[in-house]
Amino acid sequence: MRKLLLAALLPILPSISLGQTDAASFAAELFRYEVEANIVYHTANNYQNKLDVYRPAEAAQPTPVVVVIHGGGWVEGTKEERVLEMMPYLQMGFAAVNVEYRLGRISLAPAAVEDCRCALHWVFANSKKYNFDPSRVVLQGGSAGGHLALMTGMLTPAAGFDRECRGPMDNYWSENPGTSKDPRVAAIVNWFGITDVLDELHGPNAKGYAVVWLGDQANSDEIAKRVSPINYVTSDVPPIITIHGDKDALVPHTQAVRLHQALDAAKVPNQLFTVPGANHGGYTFEQNQKAWEAVRHFLAEHVKGVGGTAAGQR
C-alpha cells in the first residue's frame, strides 16, 4: 500500500476546478488517497487478471466506488491508460477500482464479459476490506469498455457468465459461489459503448475488432447475441446514462438510440446525452465539460449521497 502520487496530473487540475484555490483543494484530496496495484482478482486459462484499488484512506464511512473498465475493441488497451477517467469520481468522493480483463489474443469472446463479472463479484466480496459501500457501486467504461460496463451491470448469474467467479475462501466443493451471489450496481456510465455486437459482425457496420474478438468460433453469431446489452433490457437493470457522438464512425449512434428506446419502454431510469457532430470520443474541452456535468447530475439523482464535489468539500 502506498500513497497515491499524481504529481504528473496536477497541471490539468485548474481545467477541472473553478480556479487556483479549488485546484489546490482537489490536489490535497488526491494525496489523501491510497493505492493497491495489480491485485489478482481472477485466473483463467493460466492468465491472471488484475485490478488496482484507489481509496480515500481517511474515510470514516463506506464510500461509493466506481469500477472503471478500459476500451480497445476487446483486443487492445490497458487499465493504466484509463487512470484519468477516475479523476472526476475521486473529486466526487468515490473510491475506484481499475480493471483489466483477457483480451482477444488471450481468450476469445465471451471471456472479457466473464472476467468483468468476476471483477464485480470481487468488489462486493472485498467491500468491507476496502471500505466500499456495496449499495453505491457504479460502472464506467468507454467503447468496448462501455459495452463491458453495460454487460457487467445488466447481467445476472442466470445468464451463465458468473460460473468461474470464485474467491480464495469460497467453498467450491459443495456450492458454486459465482451463481449463488448476485451483485447489483447502482448505475452505469456508458461512453459510446457497443450495444449490439452482432451488428458489428455483419453488414455495413461490421468492424474488424469485433470479428477478431469473436474469432472463428462456429457459433460466433450466437455468442455475439449473448454478449449484446440490447438483449438484456428488463425493468430490473440499473439506471444507465450513455454519452455518444452522433457522427461516431466506429460505434453507430443508432445503437445508443435503440438501447435507450428499449430502456424507456422498460421504464428504466436512463439518459442519452448526444454530443452533436462528435466522432468516437476525442471530444472538445467544452463537449467533455458538458458530458461530465450530465454524468454528475445523473449520479446525484440515482446514487444516494453522491454530489458534484469531493467528499471533503461538501
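Helices (H or I, at least four residues) and strands (E, at least two) are DSSP runs, numbered here from the N terminus. With that in hand, let's walk through the model.

This is a predicted model, in which local features need pLDDT of at least 70 and side-chain atom pairs count only at pLDDT 80 or more, while totals for chains, interfaces and linings use all residues. Residues are numbered from 1 along each chain as its sequence is written, and side-chain values use heavy atoms, with hydrogens and water left out.

**Overall picture**

The protein contains 11 helices and nine strands. Of its 314 residues, 54% count as buried; buried means under 20% relative accessible area, exposed over 50%, and partly exposed in between (1.4 Å probe, protein chains only). The exposed surface comes to about 13800 Å², with carbon and sulfur atoms supplying 52% of it; these areas come from the Shrake-Rupley method with a 1.4 Å probe, and for residues only the protein chains shown count as cover. Among contacts (heavy atoms within 4.5 Å) with a separation of 6 or more, 75% link residues 24 or more positions apart.

**Two cores**

In soluble globular proteins, nonpolar side chains tend to be buried together. A nonpolar core is a set of buried Ala, Val, Leu, Ile, Met, Phe, Trp, Tyr and Cys residues joined through side-chain atoms within 4.5 Å. The largest one here has 57 residues, and Trp74, Val97, Trp122, Phe132 and Trp213 have the most contacts inside it. Helix α4 (residues 111–125) gives the most to this core, with eight residues. A second, separate core of 32 residues includes Val68, Val138, Trp191 and Ala291. Back in the largest core, Trp122 touches Ile39, Tyr41, Leu51, Val53, Tyr130 and Phe132, not counting residues up to four places away in sequence.

**From β8 to α11**

Strands β8 (residues 240–245) and β9 (residues 270–275) pair in the parallel sense over six bridges, where pairing requires that DSSP finds at least two bridges between the strands. Within this pair, Ile243 stands opposite Phe273 in β9. The chain passes from β8 through helix α10 (residues 253–265) to β9 in a right-handed β-α-β crossover; with the strands pointing away from the viewer, right-handed means that the path from the first strand over the helix to the second runs clockwise.

His260 sits in α10 and counts as buried, because its relative accessibility is 4%. Beyond its neighbours within four places in sequence, His260 contacts Ile240, Thr242, Asn270, Gln271 and Leu272.

Helix α11 (residues 285–302) has 18 residues, so at 1.5 Å a residue it should span 26 Å, and its end C-alpha atoms are indeed 26 Å apart. The expected span is 1.5 Å times one less than the number of residues. Buried residues in α11 include Ala291, Trp292 and Phe298, and their cover includes α3 (87–91), β6 (132–142), β7 (187–191), β8 and β9.

**Backbone details in loops**

Two residues have a positive phi although neither is a glycine, as the table shows.

| Residue | Phi | Loop | Relative accessible area |
|---|---|---|---|
| Asn46 | about 65° | between β2 (33–44) and β3 (47–56) | 81%, exposed |
| Phe192 | about 45° | between β7 and α8 (208–214) | 12%, buried |

The peptide bond from Ala109 to Pro110 is cis, with omega near 10°; Pro110 lies in the loop between β5 (95–99) and α4.
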